[in-house]
Amino acid sequence: MNTHAQLATYNFAYLDEQTKRMIRRAILKAIAIPGYQVPFASREMPMPYGWGTGGVQVTASVLGPDDTLKVIDQGADDTTNAVSIRAFFQKVANVAVTTSTAEATIIQTRHRIPEETLKEGQILVYQVPIPEPLRFLEPRETETRKMHALEEYGLMHVKLYEDIAKNGHIATTYAYPVKVEGRYVMDPSPTPKFDNPKMHRSEALQLFGAGREKRIYAVPPYTDVVSLDFEDHPFEIQKFDEPCALCGARNVYLDEVILNDKGGRMFVCSDTDHCEKRRAEGHVGHLAGEAPETAQ
Amino acid sequence: MTAQATHSSAFQGGFANPVFDGQSVFRQVMNALARPGMKTAFDGLTEPPSPLIATVGSIAATLFDHDTKIWLDPVLSRNEAVAGWLTFHTSAPMTRQTLDADFAVLADGTAMPSLESFAQGTQEYPDRSTTLIIQIEALEGGRDLRLTGPGIKDFQTIAPQGLPEHFLEQWAGNRSRFPRGVDIILAAGEGIIGLPRTVKIEIGS
């Protein structure tokens, strides 16, 4: 069997044209109503739900031969989900790929926004597991629809208030709800709340795809995205005591890495491209060690 | 043979490369709606019968299919060649009811029906509304209009020619119904301008 001949029978970017048209129409309506979840006829993809089928369908519908694609999973270009989705689009669309945030025209992401500020013309595609921010408060879709329709978001504020009553502060650290352009409350996907301020008036177009839940939503460039809070408990992002152990970066989101079973640990940039770029520029963290060339 | 000759135009003038042409046109339309007021240049990838212009023919070939109901304004619906071309290249069903239309195509912008007469969507599903594609004389050279809203950094000035007199009044009404409302793509030979329902339009620059 000639595998190349088999591949050639796929349409460009895997999806058939009728599916792309349906998704494209949903994307246009999503852009016109920022933060509103547009239902779409999500297709079965050659990967299980939970692996980014929504994001993959959105990317497949916007992607063209001139694009350069970057895929990240929790900020990293080199983890399973990122590697397999990148390989998928290389295979079915023969598209150029990169790990560099600045060089990418489309960035598909699972749960992080790159540290490097996104620019005009870039598209950020989020993989979303549960698009409905009110779902854990109200399981019925008919009711959450009505709550969005009537702009009735009191329940969400009660939830945040209960956080404060129990813990003394708002304990939600990821999927922190935002209000888009003063109207729709939106789930920013399970990004750490550290990334929420990056969504506000971003120059890039942000598209969200939830495959299992069959929803697409969007935030156009230069759109107000405000994290919900209270006057006396303003929204705050996570702060880290130490810099990245490899590149010494401060004010970035860090991952904890366990080093041994004696309590050893290090904190490193979750955004691998950002970290590598900084190290290439000569920034050194306290656990970076020597460069391999010098070691030899 | 005579029948073939009269209908031949309907079968020609579609996308040469449907997959890639559709993708590039979609990106232009998406950019136009994500960046309201920004003029998006367009190659004439289709050759629809007059008075339909190439930019509108390309948008139709990109977004219309058997799932979308199309309403044509009187100028276009009277024209058999146009209806035939759209049907052959998109297989989209036509409707005479503005309220049923997923897309409306208007060749004469000055005779635009009230925006409220098109599908507005519901408060629960505001996406179920008509997208109007309006052919206008030119994207420049008209009265200065100042746009603000999502997708626009500070403000954007446009000066389209060929909009109806009551357009600003109609648009203000459309905005007041948010999140319900229609979205508009203004199309001329040189490109398109997107006006999603969120955009605020005032006179002046």
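**Exercise 1. Count the salt bridges over all chains of this predicted model.**

Solution. Apply the cut-off: a side-chain nitrogen of Lys or Arg within 4 Å of a carboxyl oxygen of Asp or Glu. By this rule the count is 28 over all chains.

**Exercise 2. Find what Glu115(A) pairs with, and place both residues in the chain.**

Solution. Start with the partner. Glu115(A) makes a salt bridge with Lys198(A), and their closest N and O atoms are 3.2 Å apart. Next, locate them. Glu115(A) sits in the loop between strand 4 (106-110) and strand 5 (123-127) of chain A, while Lys198(A) belongs to helix 7 (residues 196-199). The two are 83 residues apart, so the pair links distant parts of the chain. Now check cover. Glu115(A) has a relative accessible area of 13%, so it is buried. Lys198(A) is partly exposed, at 25%. Last, widen the view. A network of salt bridges links Arg112(A), Glu115(A), Asp195(A) and Lys198(A).

**Exercise 3. Decide whether Lys277(A) and Asp273(A) are buried or partly exposed.**

Solution. Recall the cut-off: buried means under 20% relative accessible area. Asp273(A) has 6%, so it is buried. Lys277(A) has 31% and counts as partly exposed. Then look at the bond. Their side chains meet in a salt bridge of 3.5 Å, N to O. Both residues lie in helix 8 (residues 272-280) of chain A, four residues apart, about one turn of the helix.

**Exercise 4. Describe the salt bridge between Glu202(B) and Lys200(B).**

Solution. Take the distance: the closest N and O atoms are 3.9 Å apart. Then take accessibility. Glu202(B) is partly exposed at 32%. Lys200(B) is partly exposed at 35%.

Key: Residues are numbered from 1 along each chain as its sequence is written. Chains are lettered from A and ligands numbered from 1 in the order in which they are written. This is a predicted model: local features need pLDDT of at least 70, side-chain atom pairs count only at pLDDT 80 or more; totals for chains, interfaces and linings use all residues. Side-chain values use heavy atoms; hydrogens and water are left out. Buried means under 20% relative accessible area, exposed over 50%, partly exposed in between (1.4 Å probe, protein chains only).
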